[in-house]
Amino acid sequence: MLHLFPIRINNIDNKCFAIYTFLKEFFVQWGIKMIEVSYNAKKECIDNVIGKRIIQARKEKGWTLSEFCDDLHLYGVETQLQGVSKWERGERVPNAYQLLAVCKSLDIKDALAYFTGEGIEDLNEIGLHKLSDYRDDLVASGRYAPKSGIIEYMDMPVSTLGVSAGTGEFLDDGNYEMVSFPADSVPKNAKFGVRVAGDSMEPVYNDGQIIWVEECPTLSVGEVGIFIYDGCGYLKVYGEQTPEDADAFTDSFGVMRMQPVLISYNRKYEPRVVQPDLPFEIVGKVVK
């Protein structure tokens, strides 16, 4: 059976620490769990820790007691000058809501650490200011702000014709539906969505999956795109090869173009070499 055994470890000397260590090892052997208690509310109250910390924070702001009291009024604390003075002298303590207002007024970011000393004992005043400045920099960057919990949605056109099975007329003649998606799930440059049909691009793209397409007339070798070839739509990796018929890919200026090749991720499908006598068009690039 597991038992809980509270032990206070604040302000113990070397001899007591040795005894504590021995007892800890003894209790562990017998399955007794020790709870290390480093905070004593009664002692903190007698030492007026909260009051002293309030005085310290107020003086760092450069405020008189009267100025501090006036600022607390802005946060809904109606305590008069004498009441605030009693907090600082330890004759009274602010309630929970008043203490939160004190933290707001005095720019105390971490109330638990500030009023108990937990986590700040290894930093002097200069170090604490640097820690505060670093926190402000992180907040100002906007990159580390917690999410609000409110999900924004946006409507995007999604083709009702799947690639590898459609006619290639993805958004023509009403061949699409408007679907709502979380805004942060839609890539910035996406123009429309298409559903994958078949397994030729597994394991990266699966049957029924919606992929996002950025419209563009050209692709670099190795990019994944949507293509219309011989009237059908395809999701493939774009590749090129030396033309099988050089004349068919040479323009009027004598410049030879490379012959497009549509490549599947699934190796059971052979690459599809685009023939010059069949219509071919790059619809766009798949974006993530």
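Start with the whole chain in cartoon view: this predicted model has 8 helices and 11 strands. Now switch on a surface. The accessible area comes to about 19,000 Å², and carbon and sulfur atoms hold 54% of that. Of the 288 residues, 31% are buried. If you draw a contact map, look well away from the diagonal: among contacts with a separation of 6 or more, 58% join residues 24 or more positions apart.

Next, colour by pLDDT. The average is 83, and 81% of the residues score at least 70. Select strand 1 (residues 3-8) to see where confidence is lowest, with a mean of 50, then jump to strand 9, where it is highest, at 96. Go back to residues 1-5 for a moment: pLDDT stays under 50 there, and the model gives this stretch 13 contacts beyond four places in sequence.

Now for the rings. Show the side chains of Phe, Tyr and Trp; the count comes to 7 aromatic pairs. Begin with Tyr114 and Phe115, an edge-to-face pair with 5.2 Å between centres and 90 degrees between planes. Are these two buried or exposed? Tyr114 has a relative accessible area of 15%, so it counts as buried, and Phe115 is buried as well, at 7%.

Keep Tyr114 on screen and add Arg53. This arginine lies over the face of the Tyr114 ring, 5.4 Å from the ring centre.

For another geometry, select Tyr205 and Tyr265. Their rings are stacked, 6.4 Å centre to centre with 20 degrees between the planes. Which parts of the chain does this pair tie together? Tyr205 sits in the loop between strand 5 (192-195) and strand 6 (210-215), while Tyr265 sits in the loop between strand 9 (259-263) and strand 10 (272-273), so the pair ties together parts that are 60 residues apart in sequence. Turn the surface back on and compare the partners: Tyr205 is buried, at 5% relative accessibility, whereas Tyr265 is partly exposed, at 33%.

Then select Phe227, Tyr229, Tyr238 and Phe280 together. Ring pairs link these four residues into a cluster.

For the last stop, select Lys236 and Tyr269. Here the lysine lies over the face of the tyrosine, 5.9 Å from the ring centre. To set it beside the earlier charge-over-ring example, bring Arg53 and Tyr114 back into view, where the distance to the ring centre is 5.4 Å.

Methods:
Residues numbered from 1 in each chain as written. Predicted model: local features only at pLDDT ≥ 70, side-chain atom pairs only at ≥ 80, totals over all residues. Heavy atoms only, no water. Helix = DSSP H or I, 4+ residues; strand = E, 2+ residues; numbered from the N terminus. Buried < 20%, exposed > 50% of the residue type's maximum accessible area, 1.4 Å probe, protein only. Contact = heavy atoms within 4.5 Å. Areas by Shrake-Rupley, 256 points an atom, 1.4 Å probe, with all protein chains shown as cover. Phe/Tyr/Trp six-rings, centres within 6.5 Å; stacked < 30°, edge-to-face > 60°. Lys NZ or Arg CZ within 6 Å of the ring centre and 35° of its normal. pLDDT = per-residue confidence, 0-100.
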